[in-house]
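Q: I have a structure open and I'd like to learn how to read it feature by feature. Can we go through it together?

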Amino acid sequence: MTEFTRPLPAEADTLALGCALAGCIAPGMVIYLIGELGAGKTTLARGLLRGMGYEGKVKSPTFTLVEVYEVSRLYLYHFDFYRFSDPQELGEAGFREHFNPQSVCLVEWPEKSNKAAGLPAADLRVVLHVAGSGRNVTIFADSEVGHSCLKRLQTL
Ligand SMILES: Nc1ncnc2c1ncn2[C@@H]1O[C@H](COP(=O)(O)OP(=O)(O)OP(=O)(O)O)[C@@H](O)[C@H]1O
Ligand SMILES: [Mg+2]
């Protein structure tokens, strides 16, 4: 299994990692962002969007459930399922069609939904942990596309 672990002592490091990830992703990818409240999931998404050239505001989708960005000729959907009380809400909210070969999907709190509800498996799982005043990150590749992405990331 391809795996990538790194300490992220400050917010700038989380942003920089997101930015680096932007150079490795491909349309159709699904990236789970996993970690406790305040672990840095939205910060990483912000860095990734910046790395893709998006200059506008990147808000947390906690209340809207999804924020949509059109950037680099693709759609990026940034989901936050924290407020899901039922795993089936993914389908009820009409989110399934956002997972398609032309889009990149970032999913905070994927554990609040499940496969039965139509949540696709991840290509990458980014796992963040609070460590003192900073964070640690481990990224797992769960598909071929994810593996190529991580291999690239390791060379950056
Ligand atoms: N590497 C880091 N070191 C220290 N602070 C960080 C780091 N990365 C992010 N932060 C800070 O952690 C706080 C929470 O970040 P963020 O909103 O991204 O978390 P989250 O995982 O999305 O939380 P939630 O589950 O509530 O959506 C922010 O103030 C951010 O600046
Ligand atoms: Mg968040």
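Q: What follows α2, and what is the sign of its phi?

A: Start with the general idea: most residues other than glycine have a negative phi, and most peptide bonds are trans. In this predicted model, the residue after α2 is Gly53, with a positive phi near 100°.

Q: Which residue in the loop between β3 and β4 has a positive phi without being a glycine?

A: That's Arg73, which sits in the loop between β3 and β4. Its phi is near 60°, and this residue is not a glycine. Arg73 counts as exposed because it has 7 C-beta neighbours inside 10 Å, and the cut-off for exposed is 12 or fewer.

Q: And what about Trp109: where is it, and what is its phi?

A: Look in the loop between β5 and β6 for Trp109. Its phi is positive, about 55°, although Trp109 is not a glycine. With 19 C-beta neighbours inside 10 Å, Trp109 counts as partly exposed, since buried would need 20 or more.

Q: Back to α2 itself. How many of its residues are buried?

A: Ten of its eleven, so α2 is mostly covered. The buried set includes Lys41, Thr42, Thr43, Arg46 and Leu48. As for what covers them, the buried residues of α2 pack against α1 and the strands β2, β3, β4, β5 and β6.

Q: How do I read a helix in which part of the residues are buried?

A: An α-helix has 3.6 residues a turn, so residues three or four places apart point the same way. Now take α1: its buried residues are Thr14, Leu17, Gly18, Leu21 and Ala22. They cover an arc of only 150° around the axis, which puts them on the same side of α1. Their packing partners are β1, α2, β7 and α4.

Q: What length should α1 have, and what does the model give?

A: Count 1.5 Å a residue: the twelve residues of α1 should span 16 Å. The end C-alpha atoms of α1 are 17 Å apart, which agrees.

Q: Which residues are closest to ligand 1?

A: Thr14, Gly40, Lys41, Thr42 and Thr43 are the closest, out of 18 residues that surround ligand 1. Three elements give two or more residues to this shell: α1, α2 and β7. Sorted by class, the shell has nine polar, five charged and four nonpolar residues.

Q: Ala39 caught my eye. Is it buried or exposed?

A: Buried: Ala39 has 21 other C-beta atoms within 10 Å, and 20 or more is what it takes. Ala39 lies in the loop between β2 and α2. Leaving out residues up to four places away in sequence, Ala39 touches Leu128, His129, Val130 and Arg135. Compare that with Cys19, which is 20 residues from Ala39 in sequence and 17 Å from it in space, C-alpha to C-alpha.

Q: Let's zoom out. How many helices and strands are there, and in what pattern?

A: The protein chain has four helices and seven strands. Along the sequence they run β-α-β-α-β-β-α-β-β-β-α. The radius of gyration is 14 Å, close to the 15 Å that the globule rule gives for 156 residues, so the chain is as compact as a globular protein of that length.

Q: What share of the contacts joins residues 24 or more positions apart?

A: Counting contacts with a separation of 6 or more, 68% are between residues 24 or more positions apart. Of the 156 residues in the chain, 35% count as buried.

Definitions and conventions:
Residues numbered from 1 in each chain as written. Chains lettered and ligands numbered in written order. Predicted model: local features only at pLDDT ≥ 70, side-chain atom pairs only at ≥ 80, totals over all residues. Near = placed C-beta within 6 Å. Nonpolar A, V, L, I, M, F, W, Y, C, P; charged D, E, K, R; others polar. Expected span 1.5 Å × (residues − 1). Arc of directions from axis to C-beta. Contact = placed C-beta atoms within 7 Å. Rg over C-alpha atoms; globule rule 2.2 N^0.38 Å.
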